[in-house]
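Student: Please give a close reading of one helix and of the side-chain contacts that accompany it. I would like the geometry and the burial of each partner to be treated together.

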Amino acid sequence: MTLLASCFAAPLAQAAPLAIDAYKRAFAQQVAHANPRVFAEPLPPVLKSIVVLDITIARDGKLTRVAVYRSNHYKELETAALDSVRRAAPFAAPSAQVRRSDGSVNFLETFLFRDDGRFQMQSLANRAS
């Protein structure tokens with residue numbers, strides 16, 4: 001692969017991070033890259049909704065499960081979070097250091113929604129100083 005080609009490689013082609021927090025950040029970056037509803041501005045003092053998803057990714061990086069773990073029941077925002085994860089799949093294969101005995105990795109990711117329906121993920125949240 002040429003240097004130019006490697007600059008434009010999809011996040012999937014990157015080596016899997018060794019620690020679960022690093023894997024979650026790489027996952028969140030891929031979801032954010034694939035979704036126009038993500039905002040980069042600092043988080044507002046009050047959020048409209050917080051949606052926590054339970055995510056399982058197989059040994060090969062395929063999304064095997066995504067479900068709402070916790071929410072304040074704004075169904076359209078739950079759907080937006082679920083769809084954003086599905087749209088970004090597949091993901092980098094998890095490293096042996098983060099995989100469970102069945103080869104998958106499982107974690108929770110929190111989606112922080114503003115009043116306008118745009119979101120940040122907790123793993124990438126831009127906190128105001």
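Tutor: In this predicted model, the side chains of K75 and E78 meet in a salt bridge, with 3.4 Å from N to O. Both residues belong to helix α3, which covers residues 75-88, and they stand three residues apart, a separation of about one helical turn. The two partners differ in their surroundings: K75 counts as exposed, at 52% relative accessibility, whereas E78 counts as buried, at 8%.

The helix itself can be checked for regularity. With 14 residues at 1.5 Å a residue, α3 should span 20 Å, and its end C-alpha atoms lie 20 Å apart, which agrees. E78 is one of the buried residues of this helix; the others are L77, A80, A81, L82, S84, V85 and A88. The elements that cover these buried residues include α2, β1, β2 (63-70), β3 and β4.

The pair within α3 may be set beside the other charged contacts. Side chains of opposite charge can pair when their charged atoms come close. Over the whole structure, a search finds seven salt bridges. Among them is the one between E41 and R114, whose closest N and O atoms are 3.1 Å apart. E41 lies in the loop between α2 (20-33) and β1 (49-57), while R114 lies in the loop between β3 (105-113) and β4 (119-121), so this pair ties together parts that are 73 residues apart in sequence. R114 also forms a salt bridge with D116, where the closest N and O atoms are 2.7 Å apart. E41, R114 and D116 are thus linked in a network of salt bridges.

Burial varies within this network. R114 counts as buried, with 16% relative accessibility. E41 is partly exposed, its relative accessible area being 39%, and D116 is likewise partly exposed, at 48%. R114 has a further partner of another kind: its charged end sits over the ring of F39, 4.0 Å from the ring centre.

This leads to the aromatic contacts, some of which involve elements that cover α3. A pair of aromatic rings is described by the distance of the centres and the angle of the planes. The structure holds five aromatic pairs. One of them joins Y23 and F107 in an edge-to-face arrangement, with 6.1 Å from centre to centre and 75° between the planes. Y23 lies in helix α2 and F107 in strand β3, so the contact ties together parts that are 84 residues apart in sequence. Both Y23 and F107 are buried. In the pair formed by F111 and F119, the ring centres are 5.2 Å apart and the planes meet at 55°, so the arrangement is tilted. F111 and F119 are both buried as well. Finally, Y23 and F107 join F27 and F91 in one aromatic cluster.

To return to the starting point, the salt bridge of K75 and E78 lies within a single helix, α3, whereas that of E41 and R114 links two loops.

Notes
Residues are numbered from 1 along each chain as its sequence is written. This is a predicted model: local features need pLDDT of at least 70, side-chain atom pairs count only at pLDDT 80 or more; totals for chains, interfaces and linings use all residues. Side-chain values use heavy atoms; hydrogens and water are left out. A salt bridge is a side-chain nitrogen of Lys or Arg within 4 Å of a carboxyl oxygen of Asp or Glu. Helices (H or I, at least four residues) and strands (E, at least two) are DSSP runs, numbered from the N terminus. Buried means under 20% relative accessible area, exposed over 50%, partly exposed in between (1.4 Å probe, protein chains only). The expected span of a helix is 1.5 Å times one less than its number of residues. Contact means heavy atoms within 4.5 Å. Rings of Phe, Tyr and Trp (its six-membered ring) pair if their centres lie within 6.5 Å; planes under 30 degrees apart count as stacked, over 60 as edge-to-face and the rest as tilted. A charge sits over a ring if NZ of Lys or CZ of Arg is within 6 Å of the ring centre and within 35 degrees of the ring normal.
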